[in-house]
Amino acid sequence: MKNSNGPDKPREDLLTRLRQEMLPDTGGLGGELRNYNGGMWMKCCIVRDLLPGYIDGLTCEETNEEIRVHLESCAECRIVYEQMTAVIPVEASKKLKEIDFFKKFRARIHQRYVVVGCMICLALIGLTLFAKSYQIPIPYDAERMVTETYQAVPVLNQYGLTQWQDLQAQDLETIQAVLNGTCESIDLIRLTITESVGNDNALSIGRTVEQNGTDVRIVYYCYTKTLWNSLFEGEYAFADSFTTTGDLYGGRRLDYKTYEPMMTEIYYLPRGDLERLGSLSDEAFVQLKEEAQLVWSGMN
């Protein structure tokens, strides 16, 4: 007597049990396949990786069929697919556009702040350089700004030239020789500050011009203070007793053999741009005497 279940019943039960053991329903992103198609089992993670191409029509027909079969039986992957293909509501689209607009607006504001900051830094640097270079003339002070006559003697310098130099800077032997009349000396002129006037620069410019058939050396000079030190009370200044010949002798080198005294006029001209006077004509240069204070004149 045959089994009522038929000869194939044990085989079917075995196959069913084998499928259940091989294909557990994990339900996760990386779970095992839940559908069978043509002998190939496809994982959820693979299906979800293929969904963008499936939606855009980039996958082949065979793959499309396997994805469709999988989506019919897998609720989780079907939800993912529906979310990817869902139409964004108009209100949500507007909100996204508003968010994007505000992001762009903030980026532009940030760029403007950066540009404005750079411009301010450049402006501050420019103003600082201007303040430290702009010269403000110091008014003439007859008691502290004077011309000084000093004795000079011929001295051989390091370049092998004999020039007239200040006697006070020489050794005792040279000074004694001048006193004894055995060493030649002459009187020269220099500009002197007897007491600090708070200046941080000394400007001078001279030119030899012809007046009434005679060569005359006209010299303008001025003590100045930078705008920076004027604003912030800078402490940098010349020493209390400062001396200089400035441009008194110009191209005339104080050479022992070639130096010859000439008529000289020295004026104090309170201008911080004396170097620009070099471009003036002789006539315009001489006319500046009307704006200046005569300090000294004579043969020098």
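Modeller: A residue counts as buried when its relative accessible area is under 20%. In this predicted model, 29% of the 300 residues of the chain meet that description.

Biologist: Which secondary structure elements make up the chain?

Modeller: The chain holds eight helices and eleven strands. Its accessible surface amounts to about 20400 Å², with 54% of that belonging to carbon and sulfur atoms.

Biologist: Among contacts between residues at least 6 apart in sequence, what percentage join residues at least 24 apart?

Modeller: The share is 69%.

Biologist: How should the angle between helix 2 and helix 4 be read?

Modeller: Angles under 35 degrees count as roughly parallel. The axes of helix 2 (residues 44-55) and helix 4 (residues 75-85) cross at roughly 25 degrees and come within 10 Å. Helix 2 is therefore roughly parallel to helix 4, and the crossing is right-handed.

Biologist: Which residues make the contact of helix 2 with helix 4?

Modeller: Helix 2 contributes Cys44, Arg48, Leu51, Pro52, Tyr54 and Ile55, while helix 4 contributes Glu76, Cys77, Val80, Tyr81, Met84 and Thr85. By class, the residues of this contact are nine nonpolar, one polar and two charged.

Biologist: At what angle does helix 2 pack with helix 3?

Modeller: An angle that falls in none of the ranges for roughly parallel, roughly antiparallel or roughly perpendicular counts as oblique, and the perpendicular range runs from 65 to 115 degrees. Helix 2 and helix 3 (residues 61-73) pack at about 120 degrees, their axes 11 Å apart. Helix 2 is therefore oblique to helix 3, and this crossing is left-handed.

Biologist: Which residues of helix 2 and helix 3 take part in that contact?

Modeller: On helix 2 they are Cys44, Val47, Leu50, Leu51 and Tyr54; on helix 3 they are Thr63, Asn64, Ile67, Arg68, His70 and Leu71. The residues of this contact divide into seven nonpolar, three polar and one charged. Cys44, Leu51 and Tyr54 of helix 2 are listed in the contact with helix 4 and also in the contact with helix 3.

Biologist: Turning to a single residue, where does Asp247 lie?

Modeller: Asp247 is in the loop between strand 9 (242-244) and strand 10 (263-268). Because its relative accessibility is 22%, Asp247 counts as partly exposed.

Biologist: Which residues is Asp247 in contact with, leaving aside neighbours within four places in sequence?

Modeller: Asp247 is in contact with Ser204, Ile205, Gly206, Arg217 and Val219. Gly206 stands 41 residues from Asp247 in sequence, yet their C-alpha atoms are 5.5 Å apart in space.

Conventions:
Residues are numbered from 1 along each chain as its sequence is written. This is a predicted model: local features need pLDDT of at least 70, side-chain atom pairs count only at pLDDT 80 or more; totals for chains, interfaces and linings use all residues. Side-chain values use heavy atoms; hydrogens and water are left out. Helices (H or I, at least four residues) and strands (E, at least two) are DSSP runs, numbered from the N terminus. Buried means under 20% relative accessible area, exposed over 50%, partly exposed in between (1.4 Å probe, protein chains only). Contact means heavy atoms within 4.5 Å. Accessible areas come from the Shrake-Rupley method with a 1.4 Å probe; for residues, only the protein chains shown count as cover. Axes are lines fitted to C-alpha atoms, for helices over the stretch in contact, and angles run from 0 to 180 degrees between N-to-C directions. Angles under 35 degrees count as roughly parallel, over 145 as roughly antiparallel, 65 to 115 as roughly perpendicular and the rest as oblique. A crossing is left-handed if the near helix is turned anticlockwise from the far one by less than a right angle, and right-handed if clockwise. Ala, Val, Leu, Ile, Met, Phe, Trp, Tyr, Cys and Pro count as nonpolar, Asp, Glu, Lys and Arg as charged, and the others, Gly among them, as polar.
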